[in-house]
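Subject: The structure for you to look at

Hello,

Here is the structure I promised to pass on. Have a look at it first, and then read my notes below.

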Amino acid sequence: MTALVVDDNMVNRTIHHQLLDNLGIENVAVGNGKEAVDIHCSGKAFDLILMDMDMPIMNGIEATRKLREMGIRSMIAGVSTRSMEQEIREFIEAGLDDYQEKPLTVSKLISIIRKIN
Amino acid sequence: MEVVQIQRRLVDFTKSLFMEVIPSKKNKTGTLRHTNLLTKISVLCLICLVLLLLVVVDREKGLLDSQFLQLQQLQDESNPDFVVEVVSLFFDDSEKLLNELTIALDQPNVDFKKVDGYVHQLKGSSSSIGAQRVKNACVDFRNFCEVQNIEGCRTCLQQVKQECYLVKNKLETLFRLEQQIVASGGSIPMIEMDF
């Protein structure tokens, strides 16, 4: 299994990378939605995308929408600090398969992965 | 005093720190792993000291929450400095954000959206490392941003700076003690808790 971490915050990227590493999931991290789209345009594919919502250049909502328009069918799990329904509705409607509130933990990540399997 | 009794006291003490953080949840029994007897006792004494240091000022909220324990559990032999690295990243990041916030709040026309953006980032990363009081201070800060209360924002900035400074000092002490344990030939015990 492979994963892409999309988060503008270095602390979160490091933690999410380690979480995935510890579960034996090969992963790559990028810093915003545009980089996530670009890496897919380069031909790479991932089973799982952990997508932050608030990012510069291209946010998680725009990136998710764009990836779905490109035909990307990977599991996209939104991971954000936002918790209000109206805040995350647009994110979910952009094409998420799952949403987890930060901080991401082992148990939350496992629940995401189970949905892939 | 038997090692088992010391272990039980340590577990109860640790639980009490985190129960103040999340008082509505029940804690199940924790577990602790050690090496030989002398190392165990010295390590336990050091851990008690560390935990005492972590219970500061406001007894209603610990400096750290369960997310910090999650970070410790991610650390292993293949990545033995993971917690130190992540915490260092956080403090580098938070220093930059606090500088930006200071500048932003010093402007004649404060851009509250920009300020809120910085605070949102700081809230996110503090939450990720378990720096609970920093995170809570950021929550208050964002509330003042929302109503565009400049004085409230400035007060919150000072509070966030203070909390960052406090947790940084405590964590630096924790890491120094861990280094001393390792240098003495001991191993760092993992304290596991269920929240």
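A good place to start is helix H5 of chain B, which covers residues 112-129 and is where His120(B) sits. Please keep in mind that this is a predicted model. I picked out His120(B) because the unreviewed UniProt entry lists "modified residue: Phosphohistidine" at this position. That annotation may be inferred rather than shown by experiment.

Is His120(B) buried or exposed? Its relative accessible area is 13%, and since anything under 20% counts as buried, His120(B) is buried. Setting aside the neighbours within four places in sequence, His120(B) is in contact with Asp54(A), Thr81(A) and Arg142(B). Asp54(A) and Thr81(A) belong to chain A, while Arg142(B) belongs to chain B.

I also looked at the aromatic rings. Over all chains, the count comes to two aromatic pairs. In chain A, the rings of Phe91(A) and Tyr99(A) have centres 6.2 Å apart, and their planes meet at 75 degrees; angles over 60 count as edge-to-face, so this pair is edge-to-face. Phe91(A) and Tyr99(A) are both buried.

The other pair is in chain B, between Phe90(B) and Phe91(B), with 5.0 Å from centre to centre and 65 degrees between the planes, again edge-to-face. How buried are these two rings' residues? Phe90(B) has a relative accessible area of 0%, and Phe91(B) has one of 9%, so both fall under the 20% cut-off and are buried.

Happy viewing, and best wishes!

Technical notes: Residues numbered from 1 in each chain as written. Chains lettered and ligands numbered in written order. Predicted model: local features only at pLDDT ≥ 70, side-chain atom pairs only at ≥ 80, totals over all residues. Heavy atoms only, no water. Helix = DSSP H or I, 4+ residues; strand = E, 2+ residues; numbered from the N terminus. Buried < 20%, exposed > 50% of the residue type's maximum accessible area, 1.4 Å probe, protein only. Contact = heavy atoms within 4.5 Å. Phe/Tyr/Trp six-rings, centres within 6.5 Å; stacked < 30°, edge-to-face > 60°.
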